Amino acid sequence: MAFFSSDQKKSSGASKSLRKIDFGVLRALLLRGKKSKMGETEGVAGLISRPEGVGVIHLVPREGAVPLLRCCFFQALSKHQSHSWAAAEMAREFGLQKVPFVGALESNKYVILPAEAPDVPPEELSAAMRWRIKDHLDYSITEAVVEAFELPASRSGTESGRVYVAAAHEALVREYVEVFHAAKISLHSIDIFELALRNITAKLDDDAEGVGVLSLRARDGMVMVTRNKTMYLARKIDLGLERLLETLSTGRLKVEAKELANSAIVDAIALEIQRTLDYYEGHFMQNPVASLHVTPLEIPIPGLADVLSDKLGMRIKELALNSVLEFSEEFDLIAVARCLPVIGAAMGFLEGAE
């Protein structure tokens with residue numbers, strides 16, 4: 001699924017204001033797989049724009065093998081450097097000027113809401129859902145970019161006919177798209193983090209049994225459950241790596257397993273995981289997940305997965321990206337963590353292009 005796509009016009013008021021920017025035909029929000037041509041050059045690139053810098057990846061498909069992650073690099077910016085300048089320089093350095101690009105919104109740039117689905121054709125669903133969620137946004141619905149995707153049925157069946165709705169302020173989407181436009185690189189689509197990550201978990205061996213995912217970033221985090229390429233639920237949590245490290249006397253230089261085990265923040269994270277898994281099992285009438293994967297961390301905390309495993313009494317492991325991708329070299333793990341959303345978005349692009 002892509003949150004923003006270049007080959008389908010939007011009819012909303014938000015899209016009219018976006019079309020004033022000369023970066024091509026605006027793309028509608030797509031949450032289901034869409035066939036796409038690969039283009040004249042090989043593979044797909046990804047660009048993530050964060051306050052502190054810009055990350056670029058390049059993913060190349062290979063027949064009969066997992067895709068090759070050809071490059072993964074994150075460039076921190078000084079106050080005098082623009083994101084579009086960095087994006088253009090990195091595209092030039094890695095030879096990606098003619099490769100289609102995908103992006104991914106940061107999780108604090110949008111909301112996901114469950115809602116009742118109206119009885120309309122699938123192609124009209126997103127437009128119809130705009131007015132169902134208008135009272136849940138702190139800005140006018142005319143300024144929103146909206147897309148809907150199916151919600152799996154609950155144990156009672158009451159979720160049948162319900163959807164998840166993703167909504168972002170069009171100004172935030174416009175700001176991100178302008179980075180691509182100013183860098184003169186071709187933007188194909190923008191994903192949201194949950195579904196970009198779903199593209200990765202869908203390739204794991206235990207996806208058929210259901211997998212949990214813990215993603216911790218500097219200031220927040222997310223717990224998600226997917227099964228059979230479907231996202232069942234994702235819960236954002238107000239607990240991040242910086243807050244955890246602030247509570248440790250050893251700081252980030254030397255984290256000890258004993259202190260991690262005694263941390264109230266780690267206990268709180270474990271509780272959020274347990275609540276999410278309990279809801280998944282009870283509400284959707286599913287068996288316990290096969291395992292829980294911890295995504296690469298922007299701030300490394302060795303032993304965190306083991307401590308959480310002991311607390312929850314379940315198998316918790318670091319997400320093994322090398323089981324779904326091949327790396328052309330040993331990339332910096334912090335760069336991989338920062339670029340993970342666009343790695344997932346690029347995997348979704350390749351899946352749709354097959």
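Two strands are said to pair if DSSP finds at least two bridges between them. With that definition in hand, the reader may turn to the structure above, which is a predicted model.

A suitable starting point is strand 5, which comprises residues 101-105. Strand 2 (residues 44-50) is joined to strand 5 by two bridges, and these strands run parallel. Within this pairing, Gly46 has Val102 of strand 5 as its bridge partner. Strand 5 also pairs with strand 9 (residues 187-192), again in the parallel sense, over five bridges. Here Ala104 is matched with Asp191 of strand 9.

Is strand 5 mostly covered or mostly uncovered? Strand 5 is mostly covered, since five of its five residues are buried. Its residues point in two directions: Phe101, Gly103 and Leu105 face one way, whereas Val102 and Ala104 face the other, and all are buried.

The next feature is a meeting of two helices. Helix 2 (residues 83-93) and helix 4 (residues 170-183) have axes that come within 8 Å of each other and cross at roughly 50 degrees. Because angles of 65 to 115 degrees count as roughly perpendicular and those under 35 as roughly parallel, this crossing makes helix 2 oblique to helix 4. The crossing of helix 2 and helix 4 is right-handed. Which residues make the contact? Helix 2 contributes His83, Ser84, Ala87 and Ala88, while helix 4 contributes Val179, Ala182 and Ala183. By character, the residues in this contact of helix 2 with helix 4 comprise five nonpolar, two polar and no charged.

Attention now passes to a sheet. Five strands form an open sheet in the order 12-11-10-13-14, and their pairing is mixed. Strand 12 (230-237) and strand 14 (316-318) are the edge strands, each of which pairs on one side only. From one strand to the next, the twist averages 20 degrees. Within the sheet, strand 10 (residues 211-216) and strand 13 (residues 291-294) run parallel and are joined by four bridges. One of the residues involved is Gly212, whose bridge partner in strand 13 is Leu292.

Helices accompany this sheet. Helix 5 (residues 193-201) packs on the sheet and touches strand 10, strand 11 (221-227) and strand 12. The direction of helix 5 makes about 50 degrees with that of strand 11. Helix 9 (residues 304-312) lies across strand 10, strand 13 and strand 14. Relative to strand 14, helix 9 runs at about 170 degrees.

Conventions
Residues are numbered from 1 along each chain as its sequence is written. This is a predicted model: local features need pLDDT of at least 70, side-chain atom pairs count only at pLDDT 80 or more; totals for chains, interfaces and linings use all residues. Side-chain values use heavy atoms; hydrogens and water are left out. Axes are lines fitted to C-alpha atoms, for helices over the stretch in contact, and angles run from 0 to 180 degrees between N-to-C directions. Angles under 35 degrees count as roughly parallel, over 145 as roughly antiparallel, 65 to 115 as roughly perpendicular and the rest as oblique. A crossing is left-handed if the near helix is turned anticlockwise from the far one by less than a right angle, and right-handed if clockwise. Contact means heavy atoms within 4.5 Å. Ala, Val, Leu, Ile, Met, Phe, Trp, Tyr, Cys and Pro count as nonpolar, Asp, Glu, Lys and Arg as charged, and the others, Gly among them, as polar. Buried means under 20% relative accessible area, exposed over 50%, partly exposed in between (1.4 Å probe, protein chains only).
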